[in-house]
Amino acid sequence: MDWKGRRESSNVDDRRGISGGGRALGGGMIGLLFILAKFFLGGGDLNDLQQIIQPSEYQQEMTAEQQAAEDEMASFVKVVLADTEDVWGELFRQAGKTYQEPTLVLFRGAVSSACGGATSASGPFYCPADKKVYIDLSFADELKRRFGVKGDFAMAYVIAHEVGHHVQDLLGLTSEMARLRRTVSEKEYNRYSVKLELQADFYAGIWAHYNQKMKHVIHPEDIQDALEAANAIGDDRLQKQYQATVTPDSFTHGTSAQRMYWFKKGYQTGDLSQGDTFSARDL
Ligand SMILES: [Zn+2]
């Protein structure tokens, strides 16, 4: 994607200096206190604890080269966020509505949100309670290293997916999901959760469609990168890496094939009315 020199969003809360505290031990300590607090309040998990105690490579001193690469990734993220503001701002306007822009929080190591605490291991997420998208830039490396996904557009897809959750929130779907969580079984809820995730993928595709129409900055290989990312982070792929058998009932994001299908559908049609993953019988 052509992104250098384009507008960067100002809706970014860069907490890398805070969560990374001096780029070294500080981040580990703050993270540790945070996880400990969470742990003793009963919400924590021992893995989080271990992860903070054994400093990961992100909490170690970065070389000037790594720092420069991360700063470049931060600029890229800000440009993509600006692109999502332009596209969704326009689509909401056309529908006679006002798009409320989300804030994107960049963090390193650990972060607290209105939805609770998270570490880099949680991956990027959207918190409806504070309307913010949280991203640890090390996820870009994770995509490359662990999932073999290359190309910066893969990260653009991830951001567009999280912004897709924000759009769902603005459209009232998130509160509907909260209602379902209280009323249906866990198995049933997981099915809805997959639908919600696939729709966020569809919205990411919608964003790519209009971004291309409005700005002509996306190349065919970018879409390939996005599809590879969608393929790599499907639940079936993730589960196969950790478990011997794949258990569909616990899928919460959809299979690789489903994720690619819905992203592609949004990208190719640009038609918001085709994104009703909730009514679609076979996903
Ligand atoms: Zn999601």
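**Group meeting talk: strands, a zinc site and a buried tryptophan**

Good morning. I begin with one pair of residues: Ser113 has Gly116, in strand β4, as its bridge partner. This pair belongs to a hairpin, formed by β3 and β4, with two residues between the strands. Strand β3 covers residues 110-113 and strand β4 covers residues 116-119; the two run antiparallel and are joined by four bridges.

Please keep in mind throughout that we are looking at a predicted model.

Let me now place that hairpin in the whole chain. The chain contains 11 helices and six strands. Of its 283 residues, 49% are buried. If we take the contacts with a separation of 6 or more, 73% of them are between residues 24 or more positions apart.

I turn next to the sheet. In what order do its four strands lie? The order is β1-β2-β6-β5, in an open sheet with mixed pairing. The edges are held by β1, residues 12-14, and β5, residues 125-127; each has a single partner strand, so one side of each has no neighbour in the sheet. From one strand to the next, the twist averages 25°.

Consider the β5 edge in detail. Strand β5 pairs with β6, residues 132-136, in the antiparallel sense, and three bridges connect them. Within this pairing, Tyr126 stands opposite Val133 of β6. A helix also packs on the sheet: α6, residues 153-170, touches β2 (103-107), β5 and β6. The direction of α6 makes about 25° with that of β5.

Helix α6 leads us to the metal site. Which protein residues are donors of the zinc ion? They are His161 and His165, each through NE2, and Glu197 through OE, and they lie 1.9 to 2.1 Å from the ion. Along the chain, the donors follow the spacing H-x3-H-x31-E. His161 lies in helix α6, whereas Glu197 lies in helix α8, residues 186-215, so this pair ties together parts that are 36 residues apart in sequence.

Are these two donors buried or exposed? A residue counts as buried when its relative accessible area is under 20%. His161 has a value of 4%, so it is buried. Glu197, at 10%, is therefore counted as buried as well.

Glu197 deserves a further remark. Although buried, Glu197 has no salt bridge. Its nearest side chain of opposite charge is that of Arg259, 4.9 Å away. A salt bridge requires a side-chain nitrogen of Lys or Arg within 4 Å of a carboxyl oxygen of Asp or Glu, and the distance to Arg259 is 4.9 Å. Leaving aside residues up to four places away in sequence, Glu197 touches His161, His165, Thr252 and His253. Two of the residues in that list, His161 and His165, are themselves donors of the zinc ion.

My last example comes from the start of the chain. Where is Trp3 placed? Trp3 sits in the segment before β1. With a relative accessibility of 11%, Trp3 counts as buried. Which residues does Trp3 touch, not counting those up to four places away in sequence? They are Glu72, Ser75, Phe76, Val79 and Asp152. In addition, the C-alpha atoms of Trp3 and Asp83 are separated by 9.8 Å, while these residues are 80 residues apart along the chain.

To close, I would ask you to find two places in the structure. One is the zinc ion with His161, His165 and Glu197 as its protein donors. The other is the hairpin of β3 and β4, where Ser113 and Gly116 are bridge partners. Thank you.

Methods. Residues are numbered from 1 along each chain as its sequence is written. This is a predicted model: local features need pLDDT of at least 70, side-chain atom pairs count only at pLDDT 80 or more; totals for chains, interfaces and linings use all residues. Side-chain values use heavy atoms; hydrogens and water are left out. Two strands pair if DSSP finds at least two bridges between them. Axes are lines fitted to C-alpha atoms, for helices over the stretch in contact, and angles run from 0 to 180 degrees between N-to-C directions. Contact means heavy atoms within 4.5 Å. Donors are N, O and S atoms within 2.8 Å of the metal (3.2 Å for Na, K and Ca); water is not among the atoms, so sites may look incomplete. Buried means under 20% relative accessible area, exposed over 50%, partly exposed in between (1.4 Å probe, protein chains only). Lys and Arg count as positive and Asp and Glu as negative; His and the chain ends are not counted.
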